[in-house]
Amino acid sequence: MAIFAAQQNPVISEFMALNSSTLSDEDGDKPDWIELHNPFSTNIDIGGYYLTDDISALTKWQIPPSTGVNAQSYIVVYASSKDRSVSGQPLHTNFKLSSSGEYLAIVEQDGVTIAHEYSLQYPQQYEDISYGLCFDPNVTNQESFFSTPTPLMSNGAGSAYVHSVISSPALPTVSDDIVVEVSVASTSTAIATCDLVCRVMYGPEFTLALRDDGVSPDS
């Protein structure tokens, strides 16, 4: 993994576009959220930066003045559409995140320079699964899903996310072959292996290595 060298700006280190149980705001709601990380060894003020989900509207929502982020630390901004920008209070953007994938960026105070972005768009998102940058142990430019979200903490190395396992036929007979389709969400981090652990009736478990190499049938 490539570590950001001489990082000059805060980054969007993690976000969640389908929050149902991970994090609650001050109203008791569970909105989308965006985690911002200061990778410096000194404290920074990110007041005046912008967050946006629209590449054609880079100044969509502005972080209020005197918004400090301690060295190597994090803050969370709720992407709730509540539009709250008072320093020292919970921050809420004027937009929500799309679970089907969209552009997301933090923009410098000039309203033009991109500090960090997910471009052209981040991938489809899943309930209570976050997405962001891997840490190794410091922040890198490798993106991944995180099956255990870590708002206000280091993300770790990331993980592949299996979001669908379908078998057919639904009610097999004794002579039927059973076809199992497994969908793994794609990330910029290569997936080394994917194993399917199986058991027929009450027999012993066995493991099949899955592959997707274009040769049918995959095993």
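**Exercise 1. Find the bridge partner of L51 in β5, then place the two strands in their sheet.**

*Solution.* Step 1: Look across from L51, and the bridge partner in β5 turns out to be W61. Keep in mind as you work that this is a predicted model.

Step 2: Now take the strands themselves. Strand β4 (residues 50-52) is joined to β5 by 2 bridges, and the two run antiparallel.

Step 3: Widen the view. These strands belong to an open sheet of 4 strands in the order β5-β4-β9-β10, with antiparallel pairing. At its edges are β5 (61-62) and β10, each of which pairs on one side only. As background, strands of a sheet pair through backbone hydrogen bonds, either parallel or antiparallel.

**Exercise 2. Decide whether T59 is buried, partly exposed or exposed, and describe its surroundings.**

*Solution.* Step 1: Locate the residue: T59 lies in the loop between β4 and β5.

Step 2: Use the cut-offs, with buried under 20% and exposed over 50%. The relative accessible area of T59 is 44%, so T59 is partly exposed.

Step 3: Check what T59 touches. Apart from neighbours within four places in sequence, T59 is in contact with Y50 and G111.

Step 4: Compare chain and space. T59 and E108 are 49 residues apart along the chain, while their C-alpha atoms are separated by 9.3 Å.

**Exercise 3. Work out how β2 is covered and which strands pair with it.**

*Solution.* Step 1: Count the buried residues. Strand β2 (residues 32-37) has 6 of its 6 residues buried.

Step 2: Sort the side chains by direction. D32, I34 and L36 point one way, W33, E35 and H37 point the other way, and all are buried.

Step 3: Find the partners. Strand β1 (residues 11-16) runs antiparallel to β2 and is joined to it by 5 bridges; here E14 has E35 as its bridge partner. Strand β7 (residues 74-79) also pairs with β2 in the antiparallel sense, over 6 bridges, and in that pairing I34 stands opposite V77.

**Exercise 4. Describe the largest nonpolar core, and follow one of its members outward.**

*Solution.* Step 1: Start with the members. The core holds 32 residues, and those touching the most other members are I12, F15, I34, L36, L51, L97 and L104.

Step 2: Ask where the residues come from. Strands that each supply at least two of them include β1, β2, β7 and β12 (139-146). The largest share, 4 residues, comes from β7.

Step 3: Follow I12. Not counting residues up to four places away in sequence, I12 touches several residues, among them I34, L36, L51, L104 and L133.

**Exercise 5. How many disulfides does the whole structure have, and are C134 and C198 buried or exposed?**

*Solution.* Step 1: Recall the bond: a disulfide is a covalent bond between the sulfur atoms of two cysteines. A search of the whole structure finds 0 disulfides.

Step 2: Apply the cut-off of under 20% for buried. C134 has a relative accessible area of 0%, so C134 is buried. C198 is at 17%, so C198 counts as buried too.

**Exercise 6. Sum up the whole protein and the confidence of its model.**

*Solution.* Step 1: The protein has 0 helices and 16 strands, and 38% of its 219 residues count as buried.

Step 2: The mean pLDDT is 87, and 87% of the residues reach 70 or more. Over residues 1-7, however, the pLDDT is below 50.

Terms used:
Residues are numbered from 1 along each chain as its sequence is written. This is a predicted model: local features need pLDDT of at least 70, side-chain atom pairs count only at pLDDT 80 or more; totals for chains, interfaces and linings use all residues. Side-chain values use heavy atoms; hydrogens and water are left out. Buried means under 20% relative accessible area, exposed over 50%, partly exposed in between (1.4 Å probe, protein chains only). Two strands pair if DSSP finds at least two bridges between them. A nonpolar core is a set of buried Ala, Val, Leu, Ile, Met, Phe, Trp, Tyr and Cys residues joined through side-chain atoms within 4.5 Å. Contact means heavy atoms within 4.5 Å. A disulfide is a pair of cysteine sulfur atoms within 2.5 Å. pLDDT is the predictor's confidence in each residue, from 0 to 100.
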